Amino acid sequence: MLGLRYERTKEMRDLEEAIQTARRAVELTPDNHPLYAIMWNNLGTKLEMRYQQTKHIRDLEETIQAARQAVESTFDGHPNQAACLNNLGSILENRYERTREINDLKEGVEFARRSLELTPHDYADRATCLNNLGCMLANLYERTGESRDLEEAISVARTGVTLTPVGHPDRPVLLNNLGYLLGCQYEQTIESKVLDEAITLAREGLLLTPNGHSFRATWLSNLGKKLGLRYARMGEKKDLEEAKNATRHAIELTANDHPHRASFLSNLGNILSLQYEQTKDTTDLEEAILTARQAAWARLNALPFRRIEAAAKCLKLLGTQQRVDEAINLGIETLDLLPSVHTQALDRNDQQLVVSTFAGVASNLCSFLISANRSGEAIEYLKQGRAVIIGQLLNDRSDLPSLHRDHPQLANQYQSLVDEVNTPIHQTTNGGVETPLGKRRREAAAELYTCEKEIRGVSRHERFMLGQTVSEMQESIIGGIIVIINITDFRSDAILISKSLLRIITLPRLSAGMARFWVSQDWSAKKKSEKKYKNERFAVYLYWLWYACVEHIVVEISALQTQPSEDLPRVWWIGSGLASSMPFHAAGIHRKGSKENAYCAMVSSYTPSIKALAFAQKQAKLAQKAQVAQDKMLIAAMPTTPKGLGNKKAPKKLPGVEEEMLELVKLAPSHIRTTVVKHPSADQVLEHLKTCRIAHFACHGTSDYSDPSNSGLILQKTTKSGGALEQDRLTVQRISGLRLKHAQIAYLSACSTAENKAKRLADEMIHVVSGFQVAGFPHVVGCLWPAGDSECVEVAKRFYSLALQQDKSVANDAASALREAVMAVREKELGMPLNWAQFVHYGA
């Protein structure tokens, strides 16, 4: 009764009394009583009501505990088992919406499926169960991009609509949700008939929805979004007007403190932005900015992810009106949200999703701060908002050793907590009770936060696990200049940083529009006849990059040299935003006699961040000092590769691998012991890496679009059943988990090892090369795109002949050695830059 009264009055005292009553009922009901599960389920329902009101994560955690206990208290054949499973699945989905932890969503889907299996086909609420499962599968599709999840969701939702007769009170819910799913399918397929059906269903659902219905505002906003999509495609003004009216109506129906209001405002901002793109009327732009800003910051009780998405949109709109001060304030407030949503309690996949919501914020804020002549802050905030995951991994490797020396007990406590929060969680007990491991990880995340605060209160460790200041960045730069290229729609700049220099070079010709055009090109040639054309086009790209950007850097660096020198200047490139995948090292005019190119002007390297460079330089020094009985070189070779899971045929053979392997064995000096492993497994390679100085891989590589931490080198292993061979991927995540002390050079003669195809994670620089850097290799050679067999052999042979000279250290200047090796191949194939420009050096 109290719960029902709360639903009518929204008086929190009624709800609190209802919760206390439900707790008392649980305490008084014996474990073996047939109503015990129902008592727990009722308590969970009341706690969820409180969470929906307060949005306190502790209320949600307690709700999940109660729902899990309800599931655990049921038995096969229990009349309430299906309902309890369905309830737990829905609550886990709520936590996913809050934290973006994908295991919650996957687990929720499994509970919803089990609930549906236990629900009779003639059960009155079967359609509701189908609808819940469909919504969860839609969320899973949005996260993974897997078409099968969306197809299952649509199939489930259609069945739910079919089972629900006209006049049933749940029919509007089912129609609107099916319309939403078809809207998702349209964004995947771009088929007009799919979008038209989605709009028809949404309209029908709204016609059946009475005024005052709790979901009416959400459905109006969803209809507005779909009409906006159709307007963007067809340009029909009636769609635009209906989209605006529907979304504005949704906002009018929503209380100012409602958490969904931010999402509705964000939708309206997007629709108004579309209108501005057509009309160029500044009134439309002004309203779009106001709406996006309200969505981002006026609704502090909204989910952080919704606010971040709206803020990112608002920053771009503010840039079009040159409203720099407003944009700076909003950008700083947005990045300040990062620590609250990017926690170490999340798995790597979840961390990637969280960081992706901030895509473009740091780059845009950097541009605005440079415009306001605040270059120091521009660099610090750019650092704060990019390479976040790599920075976190490097913090554990750089700050922790000094803490161990000064305060070993505190360091051990910190390390223990880090290990706990990074323990993968993939299972619950069969009954649905969260494992003690899962519960403990959440507790450990809170303890870790407290531990970090305690460490920062200790002398000499005030910056523990925090980012570098500008002066700290400059101190870490040894023997060269870091060049950060930042491209946004607002402006483009080069930021030059050395021990004694901080300079901004404005690059007006390096426009965002042209950058998008070039980075979107597909340089692969499926036919031999395409190769010449593709290389000619790529040469134009390299000339544009020289003319618009790199030439200006070369001029500036030359002007800084006060004394003549035979040595070329050393440059480390960092690309931000649209610049993250550009081949600055190869920019220029590539024809006989021309010296107008980066190869002739400098020795180029790349680094994911300034912190990563400092770590690489420190590792290089430690590796040089390390005393080992004999230097060891690992050569992992895969001349053939087995077929991958779901592939019709195996990857192509690599005949050049055998030649490459033999050449390297011949080149190795007597003080280096060479270990060759053909067709190794990932586990074998990981074991060898612990003791080797140099690791050379000649194999296929793969770049994962949706999960760059799953990119890797393709090796092989025997199936569990024995006999058959299958692919075994040495992933970025596994590599970056190593902590190597003696490593010096990793040479990855494999496809696309320095490529990250996940656009929204471009600034994270998560690829195979950066994985080896984090593991402890101060020098890593990789490829930006696939290389030919003969070029791989030739570049590797020349590189090692220079890097492993008898009278020099193992890691003689790797960057210079790679430059000379590539230039020798380039000399023979000047007109074919796609054959040699992909080789890059990362590190010290």
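**Reading the labels on this structure**

In this predicted model, Glu16, Arg23, Arg50, Asp59 and Glu62 are linked in a network of salt bridges.

Reader: What makes the contact of Arg68 with Glu107 a salt bridge?

Author: The closest N and O atoms of Arg68 and Glu107 are 2.9 Å apart, and because the rule asks for a side-chain nitrogen of Lys or Arg within 4 Å of a carboxyl oxygen of Asp or Glu, the pair of Arg68 and Glu107 qualifies as a salt bridge. By this rule the count comes to 38 salt bridges.

Reader: Which parts of the chain does the pair of Arg68 and Glu107 tie together?

Author: Arg68 belongs to helix H4 (residues 57-72) and Glu107 to helix H6 (residues 102-118), so this salt bridge ties together parts that are 39 residues apart in sequence.

Reader: Why is Arg68 called buried?

Author: The relative accessibility of Arg68 is 3%, and since buried means under 20%, Arg68 is counted as buried. Glu107, at 15% relative accessibility, is buried by that reasoning as well.

Reader: How do you know that Arg113 forms a salt bridge with Glu110, and where do the two residues lie?

Author: The closest N and O atoms of Arg113 and Glu110 are 2.7 Å apart, which meets the requirement of within 4 Å. Both residues lie in helix H6, three residues apart, about one turn of the helix. An α-helix has 3.6 residues a turn, so residues three or four places apart point the same way.

Reader: Why are Arg113 and Glu110 called partly exposed?

Author: Partly exposed is the class between under 20% and over 50%; the relative accessible area of Arg113 is 24% and that of Glu110 is 42%, so both residues are placed in that class.

Reader: What makes Glu242 and Arg203 a salt bridge, and which helices hold them?

Author: Glu242 and Arg203 have their closest N and O atoms 2.6 Å apart, and this fits the limit of within 4 Å. Glu242 lies in helix H12 (residues 237-252) and Arg203 in helix H10 (residues 192-207), so the pair ties together parts that are 39 residues apart in sequence. Glu242 is partly exposed, with a relative accessible area of 26%, and Arg203 is partly exposed at 31%.

Reader: How many aromatic pairs does the structure hold, and why is the pair of Phe517 and Trp518 called edge-to-face?

Author: The structure holds 21 aromatic pairs. The rings of Phe517 and Trp518 are 5.0 Å apart, centre to centre, with 70° between the planes; because rings pair if their centres lie within 6.5 Å and planes over 60 degrees apart count as edge-to-face, that name applies to Phe517 and Trp518. Phe517 counts as partly exposed at 34% relative accessibility, whereas Trp518, at 3%, counts as buried.

Reader: What makes the pair of Trp523 and Phe538 edge-to-face?

Author: The ring centres of Trp523 and Phe538 are 5.1 Å apart and their planes stand at 80°, so the pair is edge-to-face. This pair links distant parts of the chain, with Trp523 in the loop between helix H25 (512-519) and helix H26 (528-560) and Phe538 in helix H26, 15 residues apart. Both Trp523 and Phe538 are buried. The two belong to one aromatic cluster, which is formed by Phe517, Trp518, Trp523, Phe538, Tyr541, Trp544 and Trp785.

Reader: How do you know that the charged end of Lys280 sits over a ring?

Author: The charged end of Lys280 is 5.3 Å from the centre of the ring of Tyr276 and sits over that ring, the distance being within the 6 Å that the term requires. The charged end of Arg826 likewise sits over the ring of Trp836, 5.8 Å from its centre.

Reader: Which residues have the most contacts inside the largest nonpolar core?

Author: The largest nonpolar core has 106 residues, and those with the most contacts inside it are Ile485, Leu689, Phe697, Phe772 and Phe799. The largest share of this core, twelve residues, comes from H26. Phe799 is also one of the buried residues of H33.

Reader: Why is Gln322 called exposed?

Author: The relative accessible area of Gln322 is 53%, and because exposed means over 50%, Gln322 is given that label. Gln322 is found in the loop between helix H15 (304-320) and helix H16 (324-335).

Notes. Residues numbered from 1 in each chain as written. Heavy atoms only, no water. Helix = DSSP H or I, 4+ residues; strand = E, 2+ residues; numbered from the N terminus. Buried < 20%, exposed > 50% of the residue type's maximum accessible area, 1.4 Å probe, protein only. Phe/Tyr/Trp six-rings, centres within 6.5 Å; stacked < 30°, edge-to-face > 60°. Lys NZ or Arg CZ within 6 Å of the ring centre and 35° of its normal. Core = buried A, V, L, I, M, F, W, Y, C linked by side-chain atoms within 4.5 Å.
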